[in-house]
Amino acid sequence: MKIGTKFIHAGVEPDPSTGAIMTPIYQTSTYVQEAPAQHKGYEYARSQNPTRTALEKAYAEIENGKFGLAFSSGVAATDTVMKLLQPGDEVIAANDMYGGTYRQFSKIWEKFGIKFHYVNMGDANNISQYVNSNTKLIWTETPTNPLMNIVDIAAVAAIAKKHNIILCVDNTFATPYLQNPLDLGADIVMHSATKYLGGHSDVIQGALMMNDVDLREKLYFIQKSCGAVPGPMDCFLVLRGIKTLHIRMQRHSENGEKIANHLRKHPKVGKVYWCGFEDHPNYDIAKKQMRGFGGMMSFTLKDDSVDEAKRVLSSTKLFALAESLGGVESLINHPASMTHASIPREERIKNGLTDSLIRLSVGIEDADDLIEDLNQAIG
Ligand SMILES: *Cc1c(COP(=O)(O)O)cnc(C)c1O
């Protein structure tokens, strides 16, 4: 089945009681049993809810996985993966990733005795030197947020397999339309469904997808025991979002390409970070593992001052100044003070995330209007 057909039909079947084509929002906390422990597979809504079941099936299908699990947020999905570990375990994580992931690792999990090594994974060979018998998890993200670096998932997966380490890939930026980490050897895919999967800036949710049944049982046990589950209304919204993911991603990618090329030619723009440029350092890997390049990008101005960046950030009219990404409407963001403020300045600068960097989430509006808006803001 081709990807568009799959996204529209994933997880959903006509409702058995009425034939409703959309899975209803099962707004219930419990289910009546015929006799003690005799039930229809649903006992209590923290453990199972039919709207969530449909979405979890959809999650599995869109990432070519066997299993999907839904969470109340992306960071709750991350938290669940981390609870597979024990004190003394070590994690190798990408040095350029979502600020909230870094915050959870450094401020929450370190204190429970987990050790982290932050590594530039642009070259997968950098990873091996940090592997030892305590290494239990490799955590990566590609393209990275916000510098659009590319990590070779298959190469990292080969290292993880060799040493029997779990590899989890945050696939939020690429989405399953552009990239499927499980097919490239990852053990777990993580998503902030808040972004492209939901796609309409109206829900907070996270997802995990996997193939291994033991891993699924462990993660489901944590989901049920720790309880970071999404409500049925939120599951319904993401189910609806997934139906148009392919169409939205096509437009995000088209607009992204037009805007990246336009910015690159703009006399007042400095460096543009977008993984679809042929001279991107890892373009070959991007081309190999992705089906397109999406609408996320960052750029600096020739006048590389923070004041000038802030002036541009405050001058757009269509691009809304906001955190988050992946919705139909375009957003502009200042990583240093917004999405990535939780990363210490030294760490940020070391990795190239300067105070004057501007990040765009290009939406699906008409590209000409978006270009006009950026032109008037940059001046
Ligand atoms: C937003 C985001 C997260 C966190 O997800 P929430 O849904 O906000 O909890 C994790 N990773 C990436 C790449 C993100 O953009």
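In this predicted model, the side chain of E141 reaches the backbone nitrogen of N145 at 3.3 Å. A polar atom of the E141 side chain also lies 2.9 Å from the backbone nitrogen of Y98. E141 itself is placed in strand 4, which spans residues 135-141. Once neighbours within four places in sequence are set aside, the contacts of E141 are with M97, Y98, V151 and D170. Y98 thus appears here both as a contact of E141 and as the owner of a backbone nitrogen facing its side chain. Although E141 is buried, the residue has no salt bridge. The nearest side chain of opposite charge belongs to R359 and is 7.6 Å away, whereas a salt bridge requires the nitrogen and the carboxyl oxygen to be within 4 Å.

Y98 has a further charged partner to look at. K195 lies over the face of the Y98 ring, at 5.2 Å from the ring centre. A comparable description applies to R216 and Y220: the charged end of R216 sits over the ring of Y220, 4.6 Å from its centre.

Attention may now turn to contacts between rings. A pair of aromatic rings is described by the distance of the centres and the angle of the planes. The model holds nine aromatic pairs. Among them is the pair of Y102 and Y118, whose centres are 5.1 Å apart with 50 degrees between the planes, a tilted arrangement. This pair links distant parts of the chain, with Y102 in helix 4 (residues 99-109) and Y118 in strand 3 (residues 115-119), 16 residues apart. Y102 has a relative accessibility of 13% and therefore counts as buried, while Y118, at 24%, counts as partly exposed. Another pair is formed by F105 and F116, which is stacked because the centres are 4.7 Å apart and the planes stand at 15 degrees. Here too helix 4 and strand 3 are linked, F105 lying in the helix and F116 in the strand, 11 residues apart. F105 is buried at 0% relative accessibility, and F116 is buried as well, with a relative accessible area of 9%. These four residues, together with W139, form one aromatic cluster.

Salt bridges give another view of the fold. Side chains of opposite charge can pair when their charged atoms come close. The whole structure contains 11 salt bridges. One of these joins K83 to D79, with the closest N and O atoms 2.6 Å apart; K83 is partly exposed, at a relative accessible area of 32%.

R264 and D279 meet in a salt bridge as well, at 2.9 Å from N to O. R264 lies in helix 9 (residues 245-265) and D279 in the loop between strand 8 (269-273) and helix 10 (283-289), so the bridge ties together parts that are 15 residues apart in sequence. R264 is partly exposed, with a relative accessible area of 39%, and D279 counts as exposed at 52%.

A salt bridge within one helix is seen for R311 and E308, whose closest N and O atoms are 2.9 Å apart. Both residues belong to helix 11 (residues 306-313), where a spacing of three residues separates them by about one helical turn. R311, at 35% relative accessibility, counts as partly exposed, whereas E308 is buried, with a relative accessible area of 18%. Finally, R345, R348 and D355 are linked in a network of salt bridges.

How values were computed. Residues numbered from 1 in each chain as written. Predicted model: local features only at pLDDT ≥ 70, side-chain atom pairs only at ≥ 80, totals over all residues. Heavy atoms only, no water. Phe/Tyr/Trp six-rings, centres within 6.5 Å; stacked < 30°, edge-to-face > 60°. Helix = DSSP H or I, 4+ residues; strand = E, 2+ residues; numbered from the N terminus. Buried < 20%, exposed > 50% of the residue type's maximum accessible area, 1.4 Å probe, protein only. Lys NZ or Arg CZ within 6 Å of the ring centre and 35° of its normal. Lys, Arg positive; Asp, Glu negative; His and termini not counted. Polar contact = N/O pair within 3.5 Å; in protein donor to acceptor, adjacent residues only side chain to side chain. Contact = heavy atoms within 4.5 Å.
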